[in-house]
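Student: I'd like a close look at one part of this model, the loop residue with the unusual backbone angle. Could you start there and then walk me through the surroundings?

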Amino acid sequence: MLGRVANTIYWMNRHLERAENYARFMDVNFNLSLELPPNEIQQWKPLVIITGDWDLYQSLNSKVEKNKVIYFLAFEEHNPNSIYNCILNARENARAVRTEITKEVWEQINALYFLVKEGQEKKQYDDKNIRDFFTEIKNGCQLVYGMYDSTISRNEGWNFGKLGQALERADKTSRVLDAKYHHLLESPKQVGSSLDLIQWAALLKSVSAYDMYRKKYGKLSPSCIAEFLILDREFPRSILACLISAEQSLITLSGSSVGFTNAAQKQLGALKSQLEYIEIDEIISKGMHEYLDEIQRKLNDISSAIYNSFFVVQDNYSEVK
């Protein structure tokens, strides 16, 4: 497969996963805002921080308001990571590799594009309509995942797509957990309060982890929630589970399960092994924010290594002496 085609499939899936995660975060945060006192900065600023686009938000908006944050993350054309731009980019990528995907996958991505385009043109939403929009985005992206898995052969393209999806999901899980630990509570005195527990429950719901967490642990506990979202091998949105899935695709693409054949395989294997042999108490003692920040940096390094290992056109001509 051409590196250009592989890169396009990889980013098509990353953009779709990013759009779905943004819809998840905002839907849960919107529901949470209905139950808490009307402090918009405390409730909505962390959502922008999670995405890493706080500086851009400040350049476009003078203050933090619910409607401004929702528009920025969902529809803002100048925000390259908004749902609108993620779906737009996913559609353009899908168009470029139309021969590598199926009719069903293309039609569903196309339907998502028209859904978000219509939403972007409306400009104004009432509470019910915006919740319906988030639900349609989540369901639409999950339909793409199902069609992708059920209609595409397990070839190189499929593995590049799953690799991109898994890395994007690991990154977003780390960011939403980091935001809870580092930004949401105004005072350490609120730790263990009813507000704290409401926020932890909302965090689990934002990554569809609430039911599986309660099934495994029962009582809400910050350390157990962190352990579940970072180190659980079975829950598909935990960071470790995402890395295991990404490694399986990378092994298939690299053609070797013994050792490593490229920098991407080496770095991904090292990060996965690090998480496999650490306990949550060690992470907390090191500092949760610092540890998650390190994971995010390593995920970015892995993404760069994937680009250099698979997508860059190598110069095969040596200088003639």
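Tutor: Happy to. S208 has a relative accessible area of 43%, so the residue counts as partly exposed. Keep in mind throughout that this is a predicted model. S208 sits in the loop that links helix 9 (194-206) to helix 10 (210-217). Its backbone is what catches the eye: the phi of S208 is near 50 degrees, a positive value although the residue is not glycine. As background, most residues other than glycine have a negative phi.

Now let us step back to the chain around that loop. The protein chain has 15 helices and zero strands. Of its 321 residues, 54% are buried. Among contacts with a separation of 6 or more, 65% join residues 24 or more positions apart.

L177 gives a good view of such an interior position. L177 belongs to helix 8 (residues 156-182), and its relative accessible area is 0%, which means L177 is buried. Setting aside neighbours within four places in sequence, L177 contacts W200, L203, A226, L229, I230 and L292. L177 and I50 are 127 residues apart in sequence, yet their C-alpha atoms are 8.9 Å apart in space.

From L292 in that list we can move on to helix 15 (residues 288-311), as L292 is one of the helix 15 residues in the contact with helix 12. For orientation, two packed helices are described by the angle between their axes and the distance between the axes. Take helix 12 (residues 239-254) to begin with: its axis and that of helix 15 come within 14 Å and cross at roughly 15 degrees. Because an angle under 35 degrees counts as roughly parallel, helix 12 is roughly parallel to helix 15. Their crossing is left-handed. On the helix 12 side the contact involves I239, L243, L250, L253 and S254, while helix 15 supplies L292, I295, L299 and F310. By type, the residues of this contact are eight nonpolar and one polar, with no charged residue.

Helix 13 (residues 263-276) also packs on helix 15, at an angle of about 155 degrees and with the axes 8 Å apart. That angle makes helix 13 roughly antiparallel to helix 15. Helix 13, too, passes helix 15 in a left-handed crossing. Here A263, A264, Q267, L268, L271, Q274 and L275 of helix 13 meet a set of helix 15 residues: Y291, E294, I295, K298, L299, D301, I302, A305, I306 and S309. The residues of this contact comprise eleven nonpolar, three polar and three charged. I295 and L299 appear in the helix 13 contact as well as in the helix 12 contact.

Finally, a word on the cysteines, in case you were planning to assign bonds. A search of the whole structure finds zero disulfides. C141, for instance, is in no disulfide, and the nearest cysteine sulfur, that of C86, is 9.1 Å away. C141 has 0% relative accessibility and therefore counts as buried. C224, at 21% relative accessibility, counts as partly exposed, because the buried class ends at 20%.

Definitions and conventions: Residues are numbered from 1 along each chain as its sequence is written. This is a predicted model: local features need pLDDT of at least 70, side-chain atom pairs count only at pLDDT 80 or more; totals for chains, interfaces and linings use all residues. Side-chain values use heavy atoms; hydrogens and water are left out. Axes are lines fitted to C-alpha atoms, for helices over the stretch in contact, and angles run from 0 to 180 degrees between N-to-C directions. Helices (H or I, at least four residues) and strands (E, at least two) are DSSP runs, numbered from the N terminus. Angles under 35 degrees count as roughly parallel, over 145 as roughly antiparallel, 65 to 115 as roughly perpendicular and the rest as oblique. A crossing is left-handed if the near helix is turned anticlockwise from the far one by less than a right angle, and right-handed if clockwise. Contact means heavy atoms within 4.5 Å. Ala, Val, Leu, Ile, Met, Phe, Trp, Tyr, Cys and Pro count as nonpolar, Asp, Glu, Lys and Arg as charged, and the others, Gly among them, as polar. A disulfide is a pair of cysteine sulfur atoms within 2.5 Å. Buried means under 20% relative accessible area, exposed over 50%, partly exposed in between (1.4 Å probe, protein chains only).
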